[in-house]
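Visitor: I'm new to this one. Could you show me how to read it, piece by piece?

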Amino acid sequence: MAFEGLSEKLQGALRKMTGRGRLTEQAVKEGMREVRMALLEADVNYAVAKDFIRKVTDRCVGADVLSSLTPSQQVIRIVNEEMTELMGSTNAKLNWSSSVPTIFMLCGLQGAGKTTMCAKLAGYLIKQGKKPMLAACDIYRPAAIKQLQVVGQQVNVPVFEKGTQDPVKTAKEAIEYARYYQRDVLIIDTAGRLHIDENLMDELLRIQKAVSPTEVLLTVDAMTGQDAVNVAKAFDEKLGVTGVILTKLDGDTRGGAALSIKAVTGKPIKFSGIGEKLTDIEPFHPDRMASRILGMGDVLTLIDKATEAFDEQDAGKFARKGLNNKLTLEDFLDQMQSMKKMGGLRSMISMLPGMSGKDIDVDDNAMKKPEAIIRSMTPKERKDPSILNASRRKRIAAGSGTTVQDVNTLIRQFEQAQQMMKRMMGTKGKKALRGMRFPGM
């Protein structure tokens, strides 16, 4: 989980500082020393860590905190507020052009996940009602154009490419193409390098001057820590970056990049990549990220994911079936798919208060076996498990690569779930469900 090491150390330092009963100025300063070490070990910029500790200490040793009946809560609130401020205070939204198309130019070093992020951003914008298009302007990296075409196809977004012609010309032609085909967003995938060099910056500057993008979004690898901040500074000095996209926040991220970039460059983090799938992108909310790091959970993001994963029409259908005790294994399968869209059990549990930064013993592959079993059934068997005799169960086990015992376990779990739903759908439950405004109810 992202920031796991930082979360554990920060929470440990705060517990030591606030677990002594009455809070003293000496206890605050001792605790802040441990917090400072945790930040530096997470590769947070030295000057940023020093300024953060100074601000938190000044607020924590104030009379209001030391005389408070709940100083521990006050300290955690102050740390949370200052950490939120450090990362940008509020979610920085994308800027939009008054003329079509709005142009987003993505830049960054090789290996940061820039090409994949172009497709992730396009997929995200489709859900916002936009009609994006991608432009392939990386003509140097082998298979870069092909990769963009592949990921573009996966999110059902057209890709404009002109082979190895001058990227500036390709970008300008892409604008005309987008206007002609009424695509309201153009996302330009530019070339990267293994390191910053003059040729790279010259080309990016030429593209920028030619197309005047609404946003110049820098893609940086969150796992590179302080190096990501140095890269952001260099790109910003040359191009005037308008925002940052952090990738690989699902990996072994120490936290230095997320906590330092805004303070050092003044540029907001607008999105974060949280996984390998093309749907694994989310707007960056400093307040929610601070809460995750401090073990306070992120219920708002969990609600956002649930709203996105559970279609309102499907929710109504599921409620009606539960009301009439007609749930099937097909419904079971649909619920598993919705949970997978939310990032899996581990991701969901990590967003609950008190669970962030903990070693969560949850197997995200646990749903693969029941999913394979249900998919090996015929439509009739999914609708009516009562027809599953011994020979059918043996066939299903063979088809799903499982055992008859696994099939029996799934059927037993499904029957138990039905019984539980039946109890829940007593008179009160039915009245409550009928009062919900689901489509078609």
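Guide: Sure, and a definition comes first: contact means heavy atoms within 4.5 Å. Two more will help: axes are lines fitted to C-alpha atoms, for helices over the stretch in contact, with angles from 0 to 180 degrees between N-to-C directions, while helices (H or I, at least four residues) and strands (E, at least two) are DSSP runs numbered from the N terminus. With those, here is a case: α7 lies across β2, β3 and β4 and runs at about 165° to β2. Helix α8 (residues 167-180) lies across β1 (102-107), β2, β3 and β4, also at about 165° to β2.

Visitor: Before we go on, what kind of model is this?

Guide: This is a predicted model, where local features need pLDDT of at least 70, side-chain atom pairs count only at pLDDT 80 or more, and totals for chains, interfaces and linings use all residues. Residues are numbered from 1 along each chain as its sequence is written, and side-chain values use heavy atoms, leaving out hydrogens and water.

Visitor: How do I read a sheet?

Guide: Strands of a sheet pair through backbone hydrogen bonds, either parallel or antiparallel. Two strands count as paired if DSSP finds at least two bridges between them. Here, eight strands form an open sheet with mixed pairing, in the order β3-β2-β4-β1-β5-β6-β7-β8. The edges are β3 and β8 (281-283), each with a single partner strand, so one side of each has no neighbour in the sheet.

Visitor: Which strands does β2 pair with?

Guide: With strand β4 (residues 185-190), β2 pairs in the parallel sense over six bridges. Look for Pro132, which stands opposite Val185 in β4. Two bridges join β2 to strand β3 (residues 159-160), and these run parallel too. There, Ala135 stands opposite Phe160 in β3. Further along the sheet, strand β5 (residues 215-221) and strand β6 (residues 243-247) run parallel, joined by five bridges, with Asp221 opposite Thr247 in β6.

Visitor: Is β2 buried or exposed?

Guide: Mostly covered: six of its six residues are buried. Buried means under 20% relative accessible area, exposed over 50%, and partly exposed in between (1.4 Å probe, protein chains only). Both faces are covered, with Pro132, Leu134 and Ala136 buried on one side and Met133, Ala135 and Cys137 buried on the other.

Visitor: Can we zoom in on one residue there?

Guide: Take Ala135, which lies in strand β2 (residues 132-137). Ala135 counts as buried because its relative accessibility is 0%. Leaving aside residues up to four places away in sequence, Ala135 touches Leu148, Phe160, Ala174, Leu186, Ile187, Ile188 and Asp189. Ala135 and Cys118 are 17 residues apart in sequence, and their C-alpha atoms are 9.4 Å apart in space.

Visitor: And how do I read two helices side by side?

Guide: Two packed helices are described by the angle between their axes and the distance between the axes. Helix α6 (residues 114-127) and helix α7 (residues 144-154) pack at about 25°, with axes 9 Å apart. That makes α6 roughly parallel to α7; angles under 35 degrees count as roughly parallel, over 145 as roughly antiparallel, 65 to 115 as roughly perpendicular and the rest as oblique.

Visitor: Which residues of α6 and α7 meet?

Guide: From α6 come Thr115, Thr116, Cys118 and Ala119, which meet Ala144, Gln147, Leu148, Val151 and Gly152 in α7. By class, this contact has five nonpolar, four polar and no charged residues. Ala, Val, Leu, Ile, Met, Phe, Trp, Tyr, Cys and Pro count as nonpolar, Asp, Glu, Lys and Arg as charged, and the others, Gly among them, as polar.

Visitor: Is there another helix pair I can practise on?

Guide: Try helix α9 (residues 198-211) and helix α10 (residues 226-239), which pack at about 45° with axes 10 Å apart. That makes α9 oblique to α10. In α9, Leu200, Met201, Leu204, Leu205 and Gln208 meet Ala234, Phe235, Lys238 and Leu239 in α10. By class, the contact of α9 with α10 has seven nonpolar, one polar and one charged residues.

Visitor: How many residues of helix α11 are buried?

Guide: Helix α11 (residues 256-265) is mostly covered, with seven of its 10 residues buried. They are Gly256, Ala257, Ala258, Leu259, Ser260, Ile261 and Thr265. After α11 comes Gly266, which has a positive phi, near 80°.
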